[in-house]
Amino acid sequence: MVLLGTVLIMIFPLLWALTTSFKPANNIYSTNPLPLPATLGNYRFTFAEFPIARLLLNTFVMASGATLLQLVVSVPAAYALVRLRTRGQGLVLVALTVALVVPAQALIIPHFLLATRLEWRNTYLGLVVPQLATSALAVLLLREHVRKLPPTLASAAILDGATAWEVLRFIVLPLLRPSLAAVGIIVFINTWNEYLWPSLIAPGRENTTIQVGLALFGNQEGQDFGPLLAAAMISTLPIVAVYMFASRRIADAFLQSGLR
Amino acid sequence: MTSMTDQVLDAGPRIPAGSRPGSQDGSPDEPPFAGSPSLSADDSRGIRLDGVVKSYGSHTALDTPVLHVPEGSLTVFVGPSGCGKSTALRVIAGLESPDRGRVLIDGADVTSHPPGARDLSMVFQDFALYPHMTVEQNIGFSLRLEARHNRRKGPTRAQIAERVRDACSLLRIDGLEKRRPAQLSGGERQRVGLARAIVRRPSVLLLDEPLSALDAQLRQHARAELVRLRREVGATMLLVTHDQLEALSMGTHLVVLNSGKVAQAGTPVDVYQRPASTFVAAFVGSPSMNLHPVRGDGVAFVTPGLRATVGNAASDSGRQALLGWRPGEGRLIGADSDVPNGPGMLIEGVVDVVEFTGDGVIVNCRSELGRWAVVLPAHDCVPAADERLRVHVPASRLHLFDAAGGRRLPDAPGDNILG
């Protein structure tokens, strides 16, 4: 009961936004929960006036690029933190935790100066590469998952003749698959919702992300909520799709891994 | 004379068994311990640890001047937890590199070789089966890697499949090939672990407590299986266990470790019947050996409630020693019966607790000299609690240890029994 109530409270604004996006302009403030009469005009207007497909593509490139890069960096990092007993390991852990709590805004200015110097403004490089600075969360999350793998598995593989790389590829990665999916989704959604950084590094109308684009759209069109909400609805669709696809995959991966 | 015990403790396997004082072994060309490590035909074959030291921080986990595992033997490393037996195994496997010293396999220095290049394989305590692979893939993993690394000389897919099939049928797990480890019972997992270890046909097979994850009933069966497997694959097997019974029953060679050092190395019979120190005496055998501090009075070793004549000049007046005897060697002497003639020990005590073990009873006694136990056949009249009893042990079954260091004394009367 409590759960249902919470879900209703959480989903109400989303539903209201959805119905409003179908309301014609003169009816936009109506309190009728159903969009009657309904219109697709807002959506038509959005697609006509706004490079929404291009912005979605930009955002998708940024989010998936950042996810891929972060996973590529954090899997070996997490594995090394757990399995290799190197000096300064404690220091690295402390640094990671600090990186986790330092707000991203604090890094914006140096990042911006650096990326501008590299002429990365309004490019995918500028959108993707600096997102690596937020890998701390992925490393720490994956470290916990690596710790749960029995260390004898790696020893057994080494005795079977595997090189360090093959241990990672044939033993560690397959067993980490469910965790990789979970961490990947967290990173993907976080990056998808990123606003401040894209607004600085890629302010161009065709080069920015959907979140920044929505704000630009709002500013341009004033208080015209219909098309704005239509655009917002379209921008959430990919993330809902990713989540639905991935949540099934997570459950699948857990069942397949044999880990309990 | 004390030099002999020194050698036993320090030199590990180099026990000059034939030169034992008091040995009544008459024929020099027939060594009394045919399987003794020091007497194997070629000392360079098998595994050798040469001056290996391994420390973790300030804790020395392993310090073995010389340790030899003869080729083709089933050598058991046994000792309490933390004695360095697993470290020794991991050093031999190459999973740990020693701080000092060399590891030699069949005479070749493999200290710097990676584990995969040492021609050995290992069965882990938790079996370490890859949970995301089927039984077949688990067993064939090493061969698939070999094929990957060496595309020309490595095994073909057909050869891999055939060798996996062979390993499966040798361990009687055919029919389980498509299952995953989570779908197997403990005994089946152990056999998959063994199959994975032998599929590469290594010359050395390392087993890290392979039976401890099995329940008691299965363990008995698995022990026999392991011995059979060794016969069929002909590899040198090195097994680590903390279970002294397992060590005694399975091994052809025994290495008892204590705090990183070799306490004694030899055949199970040798170690059981002539323990080199009180540590070995107390650790090997169940129930463990009774040890009593005694003092010589010129004729016998005495202490209140105990009198032992050992039949030689050992019991000089004032000499202190530790007298040991195995609970299974004691014979009950009725109140009105005579004590047997000849040298031996007579001990008196009061029955405290009687444990029934099926074919026998363990009678735990107390007396002025402390607690001791004796094992009696169950079909004899079993003494009741608080009953007084006398137990006799013939001199040939007695052991003498140095009172201070706990080392076996060279004139221990028990040495005679093997002659």
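This is a dialogue on how to read some features of a predicted model with chains A and B.

Biologist: Before any single residue, I would like to survey the chains, so how many helices and strands are there in chain A?

Modeller: Chain A has 12 helices and zero strands, and its elements from the N terminus on read α-α-α-α-α-α-α-α-α-α-α-α. Chain B, by contrast, carries nine helices and 20 strands.

Biologist: What share of the residues in chain B is buried?

Modeller: In chain B, buried residues make up 51% of the 419 residues, while in chain A they make up 41% of the 260 residues. The accessible surface can be read alongside those shares: chain A comes to about 14500 Å², with 71% belonging to carbon and sulfur atoms, whereas chain B exposes about 18200 Å², with carbon and sulfur atoms supplying 49% of it.

Biologist: Which part of the contacts in chain A with a separation of 6 or more joins residues 24 or more positions apart?

Modeller: For chain A that part is 72%; for chain B, 65% of the contacts between residues at least 6 apart in sequence join residues at least 24 apart.

Biologist: Let us turn to the interior. Which residues touch the most other members of the largest nonpolar core?

Modeller: The general idea is that in soluble globular proteins, nonpolar side chains tend to be buried together. Here the largest nonpolar core has 57 residues, and B:F77 and B:L206 touch the most other members. The largest share of this core, nine residues, is supplied by helix α9 of chain A, residues 164–192. Apart from this core lies another, of 42 residues, which includes B:V123, B:A197, B:L211 and B:L229.

Biologist: Which residues does B:F77 touch, not counting those up to four places away in sequence?

Modeller: B:F77 touches B:L67, B:V69, B:K85, B:A88, B:I92, B:L238, B:L239, B:V240, B:T241, B:V255 and B:L257.

Biologist: A lysine can be read in the same manner, I suppose. Is B:K54 buried or exposed?

Modeller: B:K54, which is found in strand β1 of chain B, residues 47–56, is classed as buried because its relative accessible area is 9%, which lies under the 20% limit. Its side chain reaches the backbone oxygen of B:S97 at 3.0 Å. Leaving aside neighbours within four places in sequence, B:K54 is in contact with residues including B:H59, B:L62, B:T87, B:E96 and B:D99.

Biologist: And what does accessibility say about A:L114?

Modeller: A:L114, in helix α5 of chain A, residues 105–117, counts as exposed because its relative accessibility is 56%, which is over the 50% limit. The C-alpha atoms of A:L114 and A:G126, 12 residues apart along the chain, are separated by 9.8 Å.

Biologist: Next comes the interface. How many residues of chain A are in contact with chain B?

Modeller: The size of an interface is often given as the accessible area lost when the parts come together. In this model, 23 residues of chain A are in contact with 24 residues of chain B, and the area buried between the two chains is about 1900 Å², of which carbon and sulfur atoms give 64%.

Biologist: Which side chains meet in a salt bridge?

Modeller: The count between chain A and chain B is one salt bridge, in which the side chains of B:R148 and A:E166 meet at 3.0 Å, N to O. Eight residue pairs are found in polar contact across the interface, with both residues at pLDDT 80 or more. On the side of chain A that touches chain B, the elements that give two or more residues are α8 (151–159), α9 and α12 (225–257), and the largest share, seven residues, comes from α8(A).

Biologist: Finally, the backbone. Which residues have a positive phi although they are not glycines?

Modeller: One of them is B:D119, with a phi of about 60 degrees, in the loop between β5 (108–109) and β6 (120–123) of chain B; B:D119 is partly exposed, with a relative accessible area of 41%. Another is B:R201, with a phi of about 50 degrees, in the loop between α5 (186–198) and β7 (204–208) of chain B; B:R201 is exposed, at 55% relative accessible area.

Biologist: Where is B:P287 found?

Modeller: B:P287 is found in the loop between α9 (278–283) and β11 (290–296) of chain B, and the peptide bond leading from B:S286 to B:P287 is cis, with omega near -5 degrees.

Conventions
Residues numbered from 1 in each chain as written. Chains lettered and ligands numbered in written order. Predicted model: local features only at pLDDT ≥ 70, side-chain atom pairs only at ≥ 80, totals over all residues. Heavy atoms only, no water. Core = buried A, V, L, I, M, F, W, Y, C linked by side-chain atoms within 4.5 Å. Buried < 20%, exposed > 50% of the residue type's maximum accessible area, 1.4 Å probe, protein only. Helix = DSSP H or I, 4+ residues; strand = E, 2+ residues; numbered from the N terminus. Contact = heavy atoms within 4.5 Å. Areas by Shrake-Rupley, 256 points an atom, 1.4 Å probe, with all protein chains shown as cover. Buried area = accessible area lost by both parts, 1.4 Å probe. Salt bridge = Lys/Arg side-chain N within 4 Å of Asp/Glu carboxyl O. Polar contact = N/O pair within 3.5 Å; in protein donor to acceptor, adjacent residues only side chain to side chain.
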